[in-house]
Amino acid sequence: MWISFTALTALITILFWLILSSSVRLNYTNENIEDIDRMMWQAMEQYTSDEFYEHLSVIASGGNCLIQILDEKTGEVLYSTVDSEEKEQDIFSYLIEKNIFELLDDNGGEYTYRVENASENSEWVVHAMVIANVEGSRQVMIFCKSLISVDHLLVMFGRRVIYAFIVILLIASFLSYMITRVITKPIHRLTEKAGKLAEGDYDVTFSDEGCYEVRKLSDTLGLAAKEFNETEQMRREFIANISHDMRTPLTVIKMYTEMIQTMSGDNPQKRAVHLERIQSEVDKMSTLITDFMDLAKLQSGVFQVEKKRFDLSVLIQDVVATFEMRHQQDGFIIEAKVAEHAFVCADQKLIYRVIENFMTNAEKFSVNEKKIELMLTSEKNIVRLEVKDYGPGIEKEHLAYIWDRYYKVDPYGNNKTGTGLGLNIASQILKIHDAKYGVESEVGQGSTFWFELEAVE
Ligand code: ADP
């Protein structure tokens, strides 16, 4: 991290330096030559005025340059910004080319050149222009401007750039340290923990550290770990329950089979009783397996939900007919008040599963008063089904839990309970359908299980 930051800083500094030096090299002298040219033409605008010389001195001091006007024939200095004659002699004799008039001849009356001053790391830009011709003698105006030499300028800049580089490097180091602390290290730790999670360690915890995005990722992974943990626990619970619940009927079946073999084989009456018990245990196992399978499918989300429009009243009539067939002999009453039409959009098989569960429970727990009331209403876009029994009712302390997996209470203590999965499966199916559902129950009075689906046209 630090190395990449340093390399990046160095690269940016070098690029900056290259751009700066090439731009200074290209433009610095040219811009100054253009400046002198402009000043000279500014001066020329006042040439005919009486204040020409005053004007020249203003330009000279403003533009930081020396100006001299020379007469060609007499060599007389008509104007000079340097007041002492001695100094004037020194500077201008050094700056003005001996053959300046020839050079002006060759260059159309205007000539620019540079004079190096190595000892002072500077150079002079000299711009000469013929401004008048008085009786065959030319008068020439010369502007001289001292510039710091480009190389020297660049060396100066170079030093500053190195200082700047050191400062930027320090800042970059500090930043890289901070970024490493805030982003890289937490990500590193997060990756390590995610690796553990992938290996199956679902107890791994994700700490809340680093910047916002890292914390968010950490939260998501924490949530995933929690989900995995729950799923794993569910899987273990599931297997434990399967083995336990399957073993009981199998033991009973084994016992009755042995009894038939040893005792009742030759006694048709006893044998029939024992075979009936075997049959009942097989039925229990079959229900158990169906429940387990459905629950597993519902939990894994692979349950195929095929919603389509159907008339729930027709379905209820089917259920009632089946029920009545089953109870032709035993005097069990079913009273059904079913709305004429109650169209819903749902998975018919799954809704049937829910109704069947409510009905089976009502049937199972109606020991004293063998009566079930079934009511289907369709009002204000809501189709409501109620299954009422006059059984033992459910105690308040159990009411909240009866929809939980494996929760079963045996109100009569006569082994009426099943797997404890029926209501849980029903609730999951109803949730898939966004249906409201619930139970109203009073101990000794009975229970009413209900659900509501949205009515469709
Ligand atoms: P089970 O297979 O035990 O019936 P359910 O999930 O269908 O499992 O029901 C869970 C528990 O809810 C039952 O054990 C029972 O105690 C209670 N319960 C369900 N329906 C009724 C009812 N109609 N009357 C009284 N108790 C009921």
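These legends accompany a set of close-up views of a predicted model.

**View 1. The largest nonpolar core and its best-connected members.**
Welcome to the inside of the predicted model. The largest nonpolar core holds 55 residues, and the members that touch the most others are L312, I351, I355, F358, M359 and F451. Helix α9, which spans residues 348-365, is the top contributor to this core, giving seven residues. In general, nonpolar side chains in soluble globular proteins tend to be buried together.

**View 2. The surroundings of I355.**
Here we move in on I355, one of the core members that touch the most others. Leaving aside residues up to four places away in sequence, I355 touches L312, L315, I316, V319, L385 and F451. Two of these names, L312 and F451, will be familiar from the previous view, as they too belong to the group touching the most other core members.

**View 3. A salt bridge between helices α9 and α7.**
R353 and D291 form a salt bridge whose closest N and O atoms are 2.7 Å apart. R353 lies in helix α9 and D291 in helix α7 (residues 268-300), so the pair ties together parts that are 62 residues apart in sequence. Are the two partners buried or exposed? R353 counts as buried at 16% relative accessibility, and D291 is buried as well, at 6%.

**View 4. A salt bridge within helix α6.**
K254 pairs with E258 in a salt bridge, and their closest N and O atoms are 3.2 Å apart. Both residues sit in helix α6 (residues 212-262), where a spacing of four residues corresponds to about one turn of the helix. K254 is exposed, with a relative accessible area of 53%, while E258 counts as partly exposed at 38%.

**View 5. The bridge between E373 and K371, and a three-residue network.**
A search of the whole structure finds 14 salt bridges, and this view picks out the one between E373 and K371. The closest N and O atoms of this pair are 3.4 Å apart. E373 is partly exposed, with 21% relative accessibility, whereas K371 counts as buried at 17%. For a companion panel, look to E72, D105 and R138, which are joined into one network by salt bridges that share partners.

**View 6. A nonpolar patch on the surface.**
Nonpolar side chains also appear on the outside of the model, in a surface patch of about 770 Å². Its makers are V167, I171, F174, L175, Y177, M178, V182, I183 and I187. V167 is placed in helix α5, which covers residues 150-198. With a relative accessibility of 47%, V167 counts as partly exposed.

**View 7. The tilted aromatic pair of F52 and Y53.**
The structure has twelve aromatic pairs. One of them joins F52 and Y53 in a tilted arrangement, with 5.6 Å centre to centre and 40° between the planes. F52 counts as buried, at 5% relative accessibility, but Y53 is partly exposed, at 38%.

**View 8. The edge-to-face pair of W403 and F449.**
The rings of W403 and F449 meet edge-to-face, 5.9 Å centre to centre and with 70° between the planes. Which parts of the chain does the pair link? W403 belongs to the loop between α10 (396-399) and α11 (422-432), F449 belongs to strand β12 (residues 446-454), and the two are 46 residues apart. Both W403 and F449 are buried. Stepping back a little, ring pairs link F358, W403, Y437, F449 and F451 into a cluster. Two names in this cluster, F358 and F451, also appeared in the first view, among the core residues that touch the most other members.

**View 9. Positive phi at E135 and D434.**
Most residues other than glycine have a negative phi, which makes a positive value worth a look. E135 has a positive phi near 50°, in the loop between β4 (122-134) and β5 (137-148). E135 counts as exposed, with 76% relative accessibility. D434 also has a positive phi, of about 55°, although it is not a glycine. Its place is in the loop between α11 and β11 (436-442), and D434 counts as exposed at 70% relative accessibility.

Note on methods: Residues are numbered from 1 along each chain as its sequence is written. This is a predicted model: local features need pLDDT of at least 70, side-chain atom pairs count only at pLDDT 80 or more; totals for chains, interfaces and linings use all residues. Side-chain values use heavy atoms; hydrogens and water are left out. A nonpolar core is a set of buried Ala, Val, Leu, Ile, Met, Phe, Trp, Tyr and Cys residues joined through side-chain atoms within 4.5 Å. Buried means under 20% relative accessible area, exposed over 50%, partly exposed in between (1.4 Å probe, protein chains only). Contact means heavy atoms within 4.5 Å. A salt bridge is a side-chain nitrogen of Lys or Arg within 4 Å of a carboxyl oxygen of Asp or Glu. Patches are made of residues with over 30% relative accessible area and no salt bridge: like charges are joined within 9 Å, nonpolar side chains (Val, Leu, Ile, Met, Phe, Trp, Tyr) within 5 Å. Accessible areas come from the Shrake-Rupley method with a 1.4 Å probe; for residues, only the protein chains shown count as cover. Rings of Phe, Tyr and Trp (its six-membered ring) pair if their centres lie within 6.5 Å; planes under 30 degrees apart count as stacked, over 60 as edge-to-face and the rest as tilted.
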